[in-house]
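Here's a quick walk through this fold, going from the sheet to the helices on it and then to a few side chains worth a look. Have the viewer open as you read.

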Amino acid sequence: MKCSMAERRGMVVKDSRISIVEQCGLLSIHRSGFYYSSAGESDENLEAMRLMDAWFLEHPHSGVITMCVYLCMDKGFTINIKRVRRLMRLMGLMAIYPRKKLTIPGEGHKIYPYLLRGLKINRKNQVWATDITYVPMRKGFMYMMAVIDVKTRFILNWSISNTMDGDWCKTVLEETIARHGCPEIFNTDQGSQFTAHEFTQVLRDNDIAISMDGKGRALDNVWIERFWRSLKYEHVYLKPASDGLDLYQGIRQYMHFYNQERRHQSLDSLTPHQSYKQIAA
């Protein structure tokens, strides 16, 4: 007897002796399909966040003041800088511009140098990159993490969550390594999830060189940023999800299209999956 995704998700029991990871595996659902409860904000804030997200894709240099002016003058919101700052932090948005002082890592967090400047990337699994993005829904929002193979543009793994939790990021990383082996270099931004000891320890334990974007540099992780742009313009904004499970199912369909069907001129008109399979490591 076949069960729907929702029915299979309902079979997962938090108090079972079998872990949630194992249960999701037995039921053939990704764990991100289980952790799907969306974070809550007012309808006005959700609309402001949706507009800010679309604006930021086009104008990544926009800071709190610019964003506040845009919402008030162009979109008719009555909103102050304090609220815009909170919402931008909640969304993980940070304006891209040169700073006099680089971000100081949190206690126990180490910032690693950027290793990709001038590097010729000519094989798969040479460089992987990752990032987290805010994903709006009709009611609420979630976060998405994806890991991309830079040479082939193949999305190796992805997951959605209602929080930007460090354990979630670590689990996605471990899953990706288990499925595809280890890259030579792994590139991230300087977010606290990626500078945390637990995350970087996984990379060190697997002898993977750690690379981190420089603050204020828009192009250091351009590959994953281009993917976010494609995902949002080709799917998220066109087909707003009604809830987290709808979001998961929709993104899963788009990911199949992106990896298996969408041809890239930069890949000699191959799909990312074809390129990943054909290019030598």
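## The sheet

Let's begin with the strands. Five of them make up an open sheet with mixed pairing, and the order across it is β3-β2-β1-β4-β5. The edge positions go to β3 (154-161) and β5 (209-212); each has a single partner strand, so one side of each has no neighbour in the sheet. On average, neighbouring strands here are turned by 20° against each other, ignoring direction. Keep in mind that this is a predicted model.

At the β5 edge, the partner is β4 (residues 185-188), and the two strands pair in the parallel sense over four bridges. If you want a spot to check in the viewer, T188 stands opposite M212 in β5.

## Helices across the sheet

Two helices are worth picking out here. Helix α3 (residues 43-58) lies across β1 (127-136) and β2 (141-149), and runs at about 145° to β1. Helix α10 (residues 244-261) lies across β1, β2 and β3, and its direction is about 175° from that of β3.

## K232 and its surroundings

Now for a lysine with a lot going on. Is K232 buried or exposed? With a relative accessible area of 1%, K232 is buried. It sits in helix α9, and its side chain has a charged partner: K232 forms a salt bridge with D53, with the closest N and O atoms 2.8 Å apart. This pair links distant parts of the chain, since K232 belongs to helix α9 (residues 222-236) and D53 to helix α3, 179 residues apart. D53 is buried as well, because its relative accessibility of 3% falls under the 20% cut-off.

The salt bridge has company. The K232 side chain also makes a polar contact with the side chain of T133, at 2.8 Å. Leaving out residues up to four places away in sequence, K232 touches D53, L57, T133, Y134, Y237 and L238.

## Other salt bridges

Side chains of opposite charge can pair when their charged atoms come close. How many salt bridges does the model have? The count comes to nine, and two more of them are described here.

One joins the side chains of K139 and D43, at 3.1 Å from N to O. K139 is in the loop between β1 and β2 while D43 is in helix α3, so this pair ties together parts that are 96 residues apart in sequence. D43 is exposed, with a relative accessible area of 51%. Compare that with D53, also in helix α3, which is buried at 3%.

The other brings together the side chains of E184 and R123, at 2.9 Å from N to O. Here both residues are in loops: E184 lies between α6 (166-180) and β4, and R123 between α5 and β1, so the salt bridge ties together parts 61 residues apart in sequence. E184 counts as partly exposed at 37% relative accessibility, and R123 is also partly exposed, at 26%.

## L90 and its contacts

Next, a leucine in a helix. L90 belongs to helix α5 (residues 81-91) and is partly exposed, with a relative accessibility of 25%. What does L90 touch, not counting residues up to four places away in sequence? Its contacts are E41, M49, F141, Y143 and M164. M49 falls within helix α3 (residues 43-58), and F141 and Y143 fall within β2 (141-149).

There's also a sequence-versus-space point to make about L90. It is 73 residues away from T163 in sequence, yet their C-alpha atoms are 9.6 Å apart in space.

## Two aspartates with positive phi

Finally, a couple of backbone oddities to look up. D207 has a positive phi of about 55° although it is not a glycine. You'll find D207 in the loop between α8 (197-205) and β5, where it is exposed, with a relative accessible area of 72%.

D268 is also a non-glycine residue with a positive phi, of about 60°. Its place is the loop between α10 and α11 (272-278). Is D268 buried or exposed? D268 is exposed, with a relative accessible area of 67%.

Technical notes: Residues are numbered from 1 along each chain as its sequence is written. This is a predicted model: local features need pLDDT of at least 70, side-chain atom pairs count only at pLDDT 80 or more; totals for chains, interfaces and linings use all residues. Side-chain values use heavy atoms; hydrogens and water are left out. Buried means under 20% relative accessible area, exposed over 50%, partly exposed in between (1.4 Å probe, protein chains only). Contact means heavy atoms within 4.5 Å. Two strands pair if DSSP finds at least two bridges between them. Axes are lines fitted to C-alpha atoms, for helices over the stretch in contact, and angles run from 0 to 180 degrees between N-to-C directions. A salt bridge is a side-chain nitrogen of Lys or Arg within 4 Å of a carboxyl oxygen of Asp or Glu. A polar contact is a pair of N or O atoms within 3.5 Å; within protein, one must be able to donate a hydrogen and the other to accept it, and residues adjacent in sequence count only if both atoms are side-chain atoms.
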